[in-house]
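Let's take a walk through this one together. Have the viewer open and follow along as we go from the whole fold down to single residues.

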Amino acid sequence: MAAKINEAHDHIAKAEKYLRTSFMKWKPDYDSAASEYSKAAVAFKNAKMLEEAKEAYLQEAEAHTNNKTLFHAAKALEAAGMMLKDMQRIPEAIQYIERASMMYVENGTPDTAALALDRAGKLIESQDLAKAVDLYQKAASVFENEDRLRQAVEMLGKSSRLLVRQHKLDEAAVSLQKEKNMYKEIENYPTCFKKTSAQVLVHLHRNDFVAADKCVRESYSLPGFSGSEDCIALEQLLQGYDEQDEDQVHRVCNSPLFKYMDNDYAKLSVSLRVPGGGKKKKVPAADAAEGGAGAGEADEDEYAGGLC
């Protein structure tokens, strides 16, 4: 342990020497200094001195920035963020990763920026859902700007689910519509059907039957939607909801099509209630009479031989 700490301090001393100027050396050697700071950071990390490792990575990032090597500067900032993550200082870690993502974009490597934002979203998700949504949406925007729609829609999907989890249903509805439009653009129609189901659940929880119905009507323009399992189930769900038929809504919402959606949407499904508490279907009068007669006969049979 002591050897690693000494090694780290030796690298720091060398880095500082490379940065000094003199009469014969007019310009700091940023490249060599960055390399020494990187080695110092690794040595500190191996010695479990995470705060010192973080500082060394930040010094490395500064040296790379001064040397106009932004990609490497961003990598060093990400590494500093990881040290903070290991110290359980997640919000601070996210700040450095966001700075790194901006550097990646400036460097002309937007894909790397989007992936960094995705990693940051995963880190913060358990602590701050709203921040995770923001990071996933930023990642989606970066991918979309590069016409990487498959990657963009994946990030949007994460954002939509977390918005539902926070009960921010108005925002979730907007996000789902954008998802659906992207899937339509890349001609992934079966997933469009699933997104329509999610939209309907969100809108019904918003008590907006008109918006839910509109989503289904618009989906008829999608190849293969009309007559599909999704279409039939959604028509039945809307009919049951509109007629306040609690039995029908319950039956559709507990079908495999809805129960095995992503967990956040499945929860919307099982918790959906019809307006006004709904109503049970009445048993037909003939069936009720027949049931009553059968019950009477059963009573008579039971006591036909007396109590003994």
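We start with the overall picture and then zoom in on a few helices and side chains.

First, a caveat: this is a predicted model. The secondary structure is easy to sum up, with 16 helices and 0 strands. The protein has 308 residues, and buried ones make up 42% of them. About 16,800 Å² is exposed, with carbon and sulfur atoms supplying 51% of that area. As for how the chain meets itself, take the contacts between residues at least 6 apart in sequence: 56% of these join residues at least 24 apart.

Now let's go to the N-terminal part of the chain. A43 sits in helix α2, which covers residues 30-46. With a relative accessible area of just 2%, A43 falls under the 20% cut-off and so counts as buried. Leaving out residues up to four places away in sequence, A43 touches K4, E7 and A8. You can also look from A43 towards A56, which lies 13 residues away along the chain; their C-alpha atoms are 9.9 Å apart.

Next stop is helix α5. Its 18 residues reach 25 Å from the first C-alpha to the last, close to the 26 Å expected at 1.5 Å a residue. Among the buried residues of α5 are I90, I94, I97, S101 and Y104. What do the buried residues of α5 pack against? The partners are α3 (50-66), α4 (70-86), α6 (110-124) and α7 (129-145). Just after α5, G108 takes a positive phi of about 90°.

S101 is worth a pause, as a serine within α5. Is S101 buried or exposed? Its relative accessible area is 6%, under the 20% limit, so S101 is buried. Where does its side chain go? It reaches the backbone oxygen of E98, at 2.6 Å. Beyond its sequence neighbors up to four places away, S101 touches A113 and L117.

Moving further along the chain brings us to helix α12, residues 229-242. Here the length check works out: 14 residues at 1.5 Å each should span 20 Å, and the end C-alpha atoms are indeed 20 Å apart, so the two agree. The buried residues of α12 include D230, C231, L234, L237, L238 and Y241. The cover over the buried residues of α12 includes α10 (189-205), α11 (209-219), α13 (246-253) and α14 (256-259). Just after α12, Q244 takes a positive phi of about 55°.

One of those α12 residues, L237, leads us into the largest nonpolar core, which has 86 residues. L237 is among the residues with the most contacts inside that core, along with V200, L204, F258 and L272. Click on L272 and you can see some of these links directly: L272 touches L201, L204, H205, L237, Y241, V249 and C253, again setting aside residues up to four places away in sequence.

That list ends on a cysteine, which raises one last topic. C253 is buried, with a relative accessible area of 1%, and C215 is buried as well, at 4%. How many disulfides does a search of the whole structure find? The search finds 0. A disulfide is a covalent bond between the sulfur atoms of two cysteines. For C253 and C215, then, burial comes without any such bond in this model.

Technical notes
Residues are numbered from 1 along each chain as its sequence is written. This is a predicted model: local features need pLDDT of at least 70, side-chain atom pairs count only at pLDDT 80 or more; totals for chains, interfaces and linings use all residues. Side-chain values use heavy atoms; hydrogens and water are left out. Helices (H or I, at least four residues) and strands (E, at least two) are DSSP runs, numbered from the N terminus. The expected span of a helix is 1.5 Å times one less than its number of residues. Buried means under 20% relative accessible area, exposed over 50%, partly exposed in between (1.4 Å probe, protein chains only). Contact means heavy atoms within 4.5 Å. A nonpolar core is a set of buried Ala, Val, Leu, Ile, Met, Phe, Trp, Tyr and Cys residues joined through side-chain atoms within 4.5 Å. A polar contact is a pair of N or O atoms within 3.5 Å; within protein, one must be able to donate a hydrogen and the other to accept it, and residues adjacent in sequence count only if both atoms are side-chain atoms. A disulfide is a pair of cysteine sulfur atoms within 2.5 Å. Accessible areas come from the Shrake-Rupley method with a 1.4 Å probe; for residues, only the protein chains shown count as cover.
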